[in-house]
Amino acid sequence: MLSLSANEISSWIIGIIVLLGAVLSLISAFGIIRLPDIYTRSHAATKASTLSVMCILTGAFLFFSIVEGLYSARILLGIVFVFITAPVGGHLISRAAYHSGVSLWDASVQDELNGKKQKQPSSSARESNNG
C-alpha cells in the first residue's frame with residue numbers, strides 16, 4: 001500500500017496550484033494574441049493573468065510555509081497588491097482607450113458608454129470661468 005507523508009501530499013497540492021497558475025497564464029497569453037480588440041484583450045490580460053499570478057504566489061506561500069516552515073509577508077503583500085492593482089489598471093487602460101477614440105470590435109453588440117461620454121472643459125476654460 002502506498003504511504004505518503006503529509007509533506008509529500010502538501011507538495012503535490014502546491015504543485016497542482018502552481019501548475020494551474022501556469023495553465024491560466026498560458027490561456028491569458030492566447031487570449032491576448034487571439035482576441036480582436038483592445039477591450040477584450042485587456043479583459044484577458046487582467047482577469048486570467050491576475051488569477052494565474054495569484055495561484056503561483058499562493059503556491060509559493062504554501063510551499064515556504066508548509067514545507068520550509070517560513071512565513072513570508074512579502075508574498076502575502078504581493079498577492080494583495082496584484083489582486084488590487086491589476087483589475088484597476090486594466091479598467092483604466094480600457095477607459096483611456098475608449099476616451100481616446102479606439103473603436104470597438106465590429107461584432108460588438110452593446111456600447112454602454114456611448115451616451116455617457118461627456119466632454120470635460122479644459123483647464124484653461126475652467127480658469128477663465130473662475131477668474
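A residue is taken here as buried when its relative accessible area is under 20%, and by this criterion buried residues make up 20% of the 131 residues in the chain of this predicted model. The accessible surface of the chain amounts to about 9700 Å², and carbon and sulfur atoms account for 66% of that area. The chain holds 4 helices and 0 strands, so that, read from the N terminus, its elements follow the order α-α-α-α. Among contacts with a separation of 6 or more, 60% are made by residues 24 or more positions apart.

Helix H2 comprises 30 residues, 38-67. Because each residue should contribute 1.5 Å, a span of 44 Å is expected for H2, and the distance of 42 Å between its end C-alpha atoms agrees with that expectation. The helix nevertheless bends by about 25° at Ser 49. Its buried residues are found on both sides of this position in sequence, including Tyr 39, Ser 42, Ala 44, Thr 46 and Ala 48 before the bend and Thr 50, Ser 52, Met 54, Cys 55, Gly 59, Phe 61 and Ser 65 after it. The packing partners of the buried residues of H2 are helix H1 (6-34) and helix H3 (73-99). Just after H2, a positive phi of about 80° is adopted by Gly 69.

Helix H3 has 27 residues, for which a span of 39 Å is expected at 1.5 Å a residue; its end C-alpha atoms lie 39 Å apart, in agreement with this value. Buried positions in H3 are Ile 75, Ile 79, Val 82, Gly 90, Ser 94, Ala 97 and Tyr 98, and the buried residues of this helix pack against H2. As with the residue following H2, a glycine with positive phi occurs just after H3, where Gly 101 has a value of about 100°.

In soluble globular proteins, nonpolar side chains tend to be buried together. In the present model, the largest nonpolar core consists of 5 residues, namely Met 54, Phe 61, Ile 75, Ile 79 and Val 82. The elements giving two or more residues to this core are H2 and H3, with the largest share, 3 residues, supplied by H3. Phe 61, one of the core residues and a buried residue of H2, is in contact with Tyr 71, Ser 72, Ile 75 and Leu 76 when its neighbours within four places in sequence are left aside. Of these partners, Ile 75 is itself a member of the core and is buried in H3.

Note on methods. Residues numbered from 1 in each chain as written. Predicted model: local features only at pLDDT ≥ 70, side-chain atom pairs only at ≥ 80, totals over all residues. Heavy atoms only, no water. Buried < 20%, exposed > 50% of the residue type's maximum accessible area, 1.4 Å probe, protein only. Contact = heavy atoms within 4.5 Å. Areas by Shrake-Rupley, 256 points an atom, 1.4 Å probe, with all protein chains shown as cover. Expected span 1.5 Å × (residues − 1). Bend = angle between axes of the 7 residues up to and from the residue. Core = buried A, V, L, I, M, F, W, Y, C linked by side-chain atoms within 4.5 Å.
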